[in-house]
Amino acid sequence: MIDIQFLTKTLRSLSAITGLNFSLYDDRGNLLIAPPSEDLLLSRARISKKGHELYNDFLSKYLQLTIKNAQSLLMQGFTGQYHVFMPIRYKEVTLVALCEGFYLSRKDFTRFYAEKAEQFGLAGRPAEDWAGDLNFMDSRSIERHIKSIKPLLEGILSSGYEKGELGKRWQWSRTIIGLAANIGPDVKIEDIHQIIIDTVIFLFRVDTAAIFSMKEGRFQPESTGGRGREIVRKIKLSKDIYPVSNAIQSGMPVSVIDSYRLRHSGFPEEVISMYLFPINPQTGFPGFLGIFNCLLDRESFDSISGLCKLLAYLLSVRHQGDENAKRSAGLDLISTTTSELFYHYKDRQALCDSIVDESARFAGAEKCSLMLPDDDGEALMVISVKGVNKWLMKDVRVRTGEGIAGKVFQQGVPILIDNEEKLRTFSVKPRPLFKTQSCLSLPLKIAGETIGILNLSDKSTGEPFTQRELSALSSFATEASILLKLNHCHRTSEQMRELSITDPLTGLFNRRYFDVRLEEEYRRAKRYNLHFSLAMMDIDDFKVLNDTEGHPAGDHALREIAMTITGCIRANDILVRVGGEEFALIMPQTSKDEAFNVLERIRNHVSVMPLGAGSEPVRNITISTGIAMFPECGKSPEDLILQADRALYSAKAFGKNQTVVWKGPGGFEPSVGDIRIRELPNAEVSRRPIKSPFGENHRQAGKTFGDFTI
């Protein structure tokens, strides 16, 4: 901290200017800067043993007195020469500048020579010769020199000290900044501790250092360094002893210099001093940096305190980084889990079961349940449960606003309960079904709307739930809410789709669906060279039924016929109510003869179907059917519909309650077709003339009319 080189040049310059010999001593009497030359008389007198002892005693005495009194002294030595002791002080540094070896008058020299020259071996040279080599100064000149030289040396000392301080701080700062810059994201916390210990020992020249952290209720050394590391490694600091408790409460460094007090607190006798610097990051109070068996100046004390703040920051950053890494891993896991749950979005129960299972896994909970509001939105019901028999929860209902789940649903804010006291604030008593009193209930929300509740209890470790589980589950709950909303939208869309393609009276598909499926079946048959049949059915005299029995009876008849036809067809056949009393039936991979047999079976079942609410039938219902086939009857769905309709019209024209198959190589004229009419069993065949719907050129019943055979 002292610029010795600059002070040396200064003292030599002063010696050259004044002709006096200047030297510099520290506060312990050690010579720091020797004079450029020595007074000849004084150096000769010190050659003898006695002269050497007298000089050292004189020098030591007045150096100490000068430092003690902090005042300049003009003292006469054993040779009669005068010496000026000037104290030079700055902060805690005290030096003494010594100007020596001069007489204030010749009388002083003459007296010394006459009385003591023989004693110190100086008599061999005449006094006149000695006088030529001596310095003689008047008191005024000496006083003037002291007033000028003392502030000059103090200014030089202060500037050198400040320069040294700045250099030291710069060195510390450069080292600490380099240290912090080189601590990468992959460096372990234990390695950071050891880096700090090594830095403290190197920069501040401490004897022993250690970092303590809380383990098993005591602060124990994590990393140690220095000469006494083996001794310090065995120290366990109780948080109740004075230095530790004071540092924890105040958050400020604590020093104990009294070795007796340290032994009284349980420290080994080898520990004679201790400094405790709290390491207090935002994440908590992990411990201390301890400095042992050395004394720190103010600058070192403040710098180590700042270093501990840097350490706390590094630990906070590392802790936050670890938390972010865990959170990122958790989010990745949530993303992966959500992707897997996406496959269940069409099945609400499977989706809810998966959400419950994954929520329990994320939180480490043994019990979990998912509750959704009922249709009225006034109560919550358990949809899925884990850890409890689901049949016990089947009829459980919780009104919104009541209990924990009801309040969470009403307020849309999660509730975390980690002790029995909090549990009782919700007027809920502990139940023997649960192992612990800690539970977690959080809302499933989307766009500010609460659509469900997720409840968890009984953490597998037996510990209460914490904000960490709540944070992890909140992210998952958001994803789960989206999936539940997607399921709701899917179910709504399916219901709307079902309504758009379903006849509300009979429950059969409607004309919209018929058009789509006929086109699909046509394309499939054409692509794979398959065949299929299309039948058009119409209830005979349905208007008469409505007029005589009423429209409710007609609606009842439509429903009954729809059920009867459904019972006569295959699962892959498509039955459609195309409008009014007309039905259509698409029969994939069905030939003409197979289709005819199916439609005859339907016609027979319908003809014997009673109409009426009582046991006595009001009347019987019959249907007429026309059948067209692909690819025989057309090159497009429109051709099939047209030819099936013509076959149906033929069945109507030739007496109703009949099944007609249209067959022709192409075109839509009846002359290229062949109509076959099946009669009911035991029915009387009419032979009376029948008017053909296709023109007057056709012949009577029982005969051939063009290509139609009756």
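Modeller: Let's fix one term before we start: a contact means heavy atoms within 4.5 Å of each other. And keep in mind that this is a predicted model.

Biologist: Fine. Which residues does F277 touch, not counting residues up to four places away in sequence?

Modeller: With those neighbours left out, F277 touches P253, G287, F288, L289, I291, L296, F301, I304, S305 and C308. F277 itself sits in strand 9, residues 274-279.

Biologist: Why is F277 called buried?

Modeller: Buried means under 20% relative accessible area. F277 comes out at 1%, so it counts as buried.

Biologist: How far apart are the C-alpha atoms of F277 and I211?

Modeller: They are separated by 9.4 Å, while along the chain the two residues are 66 apart.

Biologist: Let's go to the surface, then. What makes Y343 exposed rather than buried?

Modeller: The cut-off for exposed is over 50%. Y343 has a relative accessible area of 69%, so exposed is the right word. Y343 is in the loop between helix 11 (298-342) and helix 12 (348-363).

Biologist: Which residues form a nonpolar patch with Y343?

Modeller: F342 and L486 join Y343 in that surface patch, and together the three have about 340 Å² of accessible area. To be in a patch, a residue needs over 30% relative accessible area, and Y343 has 69%, so that requirement is met.

Biologist: Now the sheet with the order 2-1-5-4-3. What kind of pairing does it have, and how many strands?

Modeller: It's an open sheet of five strands, and the pairing is antiparallel. Strand 2 (31-33) and strand 3 (73-76) are the edge strands, each pairing on one side only. Neighbouring strands are turned by 30 degrees against each other on average, ignoring direction.

Biologist: How do you know that strand 1 and strand 2 pair?

Modeller: Pairing takes at least two bridges. Strand 1 (residues 21-25) and strand 2 have two, in the antiparallel sense, so they qualify. In that pair, L24 stands opposite I33 of strand 2.

Biologist: And how many bridges join strand 3 to strand 4?

Modeller: Four, and the two strands run antiparallel. L73 has F85 in strand 4 as its bridge partner. The hairpin of strand 3 and strand 4 has five residues between the strands, and G80 there takes a positive phi near 85 degrees.

Biologist: What about strand 4 and strand 5?

Modeller: Nine bridges join that antiparallel pair, with Y82 partnered by F102 in strand 5. These strands make a hairpin too, with two residues between them, and K91 in the turn has a positive phi of about 55 degrees.

Biologist: Why is strand 4 called largely enclosed by the rest of the structure?

Modeller: Seven of its nine residues are buried, so the description follows.

Biologist: Which helices lie across strands of this sheet?

Modeller: Helix 1 (residues 4-18) is one of them: it lies across strand 1 and strand 2, running at about 155 degrees to strand 1. Helix 3 (residues 49-69) lies across strand 1, strand 3, strand 4 (82-90) and strand 5 (93-102), at about 40 degrees to strand 4.

Biologist: On to the sheet with the order 18-19-17-22-23. What makes strand 18 and strand 23 edge strands?

Modeller: Strand 18 (574-579) and strand 23 (659-661) each have a single partner strand, so one side of each is left without a neighbour in the sheet. Here the pairing is mixed, and neighbouring strands are turned by 20 degrees on average, direction ignored.

Biologist: How do you know that strand 18 pairs with strand 19?

Modeller: At least two bridges are needed, and five join strand 18 to strand 19 (residues 582-588), running antiparallel, so they pair. I574 has I586 in strand 19 as its bridge partner.

Biologist: Which strands does helix 19 lie across?

Modeller: Helix 19 (residues 592-607) lies across strand 17 (532-539), strand 19, strand 22 (623-630) and strand 23, running at about 165 degrees to strand 22.

Biologist: One last thing: which residues of helix 13 are buried?

Modeller: In helix 13 (residues 403-411) they are I404, A405, G406, V408 and F409. After helix 13 comes G412, with a positive phi near 70 degrees. For the chain as a whole, 45% of the 710 residues are buried.

Definitions and conventions
Residues numbered from 1 in each chain as written. Predicted model: local features only at pLDDT ≥ 70, side-chain atom pairs only at ≥ 80, totals over all residues. Heavy atoms only, no water. Patch = residues over 30% accessible without salt bridge, like charges linked within 9 Å, V, L, I, M, F, W, Y side chains within 5 Å. Areas by Shrake-Rupley, 256 points an atom, 1.4 Å probe, with all protein chains shown as cover. Salt bridge = Lys/Arg side-chain N within 4 Å of Asp/Glu carboxyl O. Buried < 20%, exposed > 50% of the residue type's maximum accessible area, 1.4 Å probe, protein only. Axes fitted to C-alpha atoms, helices over the stretch in contact; angles between N-to-C directions.
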